Every structure is written in C-alpha cells, then in structure tokens.
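Here is a walk through one protein chain, beginning with a single side chain and widening out to the whole fold. Keep the viewer open as you read.

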Amino acid sequence: MKTLLLILLLLANGASAQTSAPAPAYLSLGPLDRNGDQHLDLPEFLAGGAPAVASRFAGIDTNRDGTLSEAELAVARTASEERLKRLAEDDPGRAEFAAMPAFPEMDHDGNGRLDRAEFTAAQEKSLGQRFRRLDEDGDGRLSEAEFTAARRRFLEQVGRPAEEPAVQP
C-alpha cells in the first residue's frame with residue numbers, strides 16, 4: 001500500500017493544504033472499499049489506483065499521440081526515481097516503489113510503442129505485486145489494520161504526521 005499511496009501522491013492532485021477538506025480517497029480505506037466489507041481485495045485496490053495510472057499515462061505521453069515511446073518512458077522513470085530518492089533518501093526499500101518492467105516486457109505487440117492497455121496492464125501487474133506484499137496475513141485482502149499501517153508508513157516516509165489534522169482556512 002505504501003507504494004500505491006506514494007505513486008498516487010506523486011501523480012494525482014492532492015488536497016490543498018489551505019482547506020479543511022477530508023483526506024484524499026486513496027488515504028482512506030472507506031472510499032476504496034466498494035463492497036463495504038471493511039477490507040480491500042485486489043480488484044478494489046486496482047480500482048483505487050486506476051485514476052493515478054490514467055493520470056500517469058497522460059503525463060508521460062508528452063507528445064500527446066496516445067502512445068508511449070521508450071524515450072518518453074525513460075524520461076518519466078528517471079524523474080520518478082529522482083523524486084523517490086528525495087522522498088525516501090534513507091530507505092533502502094525505495095527501489096521497490098519505482099519497480100516497473102523494462103520497456104520490451106511491456107510492449108506486448110512489439111511495435112516500439114506502449115498503448116494505454118499495455119501500460120495499464122504493466123501497472124496493474126506491479127500494483128498486484130505490491131498488494132501481495134502489503135497483505136501481511138496472506139488472506140488476499142487488506143484489512144483496516146494493514147491499510148492503516150501502510151498509510152502510516154507512507155506518511156512518515158514523506159515527512160508528514162501519521163494522522164494529519166484538518167487545516168483551518
């Protein structure tokens with residue numbers, strides 16, 4: 001979850017620090033728990049990450065042609081790794097955050113470009129691996145405790161209090 005949260009924070013628009021808005025949905029289990037069972041299963045976890053994946057694709061596609069070149073992906077990967085180094089300078093596990101298959105592994109049709117489906121499939125595979133690491137008891141679901149622990153570690157990682165109070169305007 002730490003990874004998903006970091007990716008989402010880096011790529012999605014966060015709530016403004018000048019408002020008393022509630023925490024973004026990806027920092028709370030409730031909005032992600034679509035079936036209301038107080039756990040996140042893999043489909044819910046992937047659905048929670050989908051907006052960030054779409055946003056990331058759009059941000060990487062600098063020439064706006066609807067596909068990603070190997071060069072566009074390399075620029076994005078380098079920028080992402082630099083942000084992660086700054087955020088998690090002392091964390092030897094930070095490389096896991098940026099784990100993404102090599103371009104040829106994602107280019108399933110071999111045309112030298114990644115379409116949205118190829119990119120999304122690679123991101124979902126990576127999110128699935130992260131989900132399994134966060135699922136400490138191996139039951140195939142993230143409990144409130146597992147989610148909260150991951151959120152706390154993430155917030156500490158980026159230098160924010162684990163439970164941030166709402167900022168008054």
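E72 sits in helix α4 of this predicted model. Is E72 buried or exposed? Its relative accessible area is 8%, and because the cut-off for buried is under 20%, E72 counts as buried. Setting aside neighbours within four places in sequence, E72 makes contact with I60, D61, T62, N63, T67 and R113. One of these, D61, is 11 residues away in sequence, and the C-alpha atoms of E72 and D61 are 6.7 Å apart. The side chain of E72 also has a polar atom 2.9 Å from the backbone nitrogen of S69.

**Salt bridges**

Which charged partner does E72 meet in a salt bridge? That partner is R113, with an N to O distance of 3.9 Å. Helix α4 covers residues 70–87 and holds E72, while R113 lies in strand β3, so this pair ties together parts that are 41 residues apart in sequence.

R113 has a second acidic partner to look at: its side chain also meets that of D65 in a salt bridge, at 2.4 Å from N to O. Here strand β3 (residues 113–115) is tied to the loop between α3 (42–60) and β2 (67–69), because R113 lies in the strand and D65 in the loop, 48 residues apart in sequence. R113 is partly exposed, at 23% relative accessibility. D65 is partly exposed as well, at 39%.

How many salt bridges does a search of the whole structure find? The search finds four. Another of them joins D37 and R141, whose closest N and O atoms are 3.7 Å apart. This pair links distant parts of the chain, with D37 in the loop between α2 (29–32) and β1 (39–41) and R141 in strand β4 (residues 141–143), 104 residues apart. D37 has a relative accessibility of 28%, so D37 counts as partly exposed. R141, at 30%, is partly exposed too.

The three pairs described so far are set side by side here.

| Salt bridge | N to O distance |
|---|---|
| E72 and R113 | 3.9 Å |
| R113 and D65 | 2.4 Å |
| D37 and R141 | 3.7 Å |

Returning to the first row, E72 and R113 form a salt bridge at 3.9 Å. Elsewhere, salt bridges with shared partners join D37, D139 and R141 into one network.

**Two loop residues with positive phi**

Most residues other than glycine have a negative phi. Q38 is not a glycine, yet its phi is positive, at about 65°. You will find Q38 in the loop between α2 and β1. R64 is another residue other than glycine with a positive phi, near 55°. The place of R64 is the loop between α3 and β2. With a relative accessibility of 59%, R64 counts as exposed, because the cut-off for exposed is over 50%.

**Helix α6 and the nonpolar core**

Helix α6 spans residues 116–134, and its 19 residues should cover 27 Å at 1.5 Å a residue; the end C-alpha atoms are 26 Å apart, which agrees. D115 caps the N-terminal end of α6, with a side-chain oxygen 3.1 Å from the backbone nitrogen of A117. Which residues of α6 are buried? They are E118, F119, A122, Q123, S126, L127, G128, R130, F131 and L134. An α-helix has 3.6 residues a turn, so residues three or four places apart point the same way.

F119 appears again in the largest nonpolar core, which has 23 residues; L68, L73 and F119 touch the most other members. At least two residues of this core come from each of α2, α3, α4, α5 (103–106), α6 and α7 (144–157). L73 touches I60, L68, M100, F103, M106, L114 and F119, not counting residues up to four places away in sequence.

**The whole chain**

Stepping back, the chain has seven helices and four strands. From the N terminus on, these elements run α-α-β-α-β-α-α-β-α-β-α. Of the 169 residues in the chain, 40% are buried. Among contacts between residues at least 6 apart in sequence, 64% join residues at least 24 apart. The accessible surface comes to about 9,000 Å², and carbon and sulfur atoms account for 54% of this area.

Conventions: Residues are numbered from 1 along each chain as its sequence is written. This is a predicted model: local features need pLDDT of at least 70, side-chain atom pairs count only at pLDDT 80 or more; totals for chains, interfaces and linings use all residues. Side-chain values use heavy atoms; hydrogens and water are left out. Buried means under 20% relative accessible area, exposed over 50%, partly exposed in between (1.4 Å probe, protein chains only). Contact means heavy atoms within 4.5 Å. Accessible areas come from the Shrake-Rupley method with a 1.4 Å probe; for residues, only the protein chains shown count as cover. The expected span of a helix is 1.5 Å times one less than its number of residues. A polar contact is a pair of N or O atoms within 3.5 Å; within protein, one must be able to donate a hydrogen and the other to accept it, and residues adjacent in sequence count only if both atoms are side-chain atoms. A nonpolar core is a set of buried Ala, Val, Leu, Ile, Met, Phe, Trp, Tyr and Cys residues joined through side-chain atoms within 4.5 Å.
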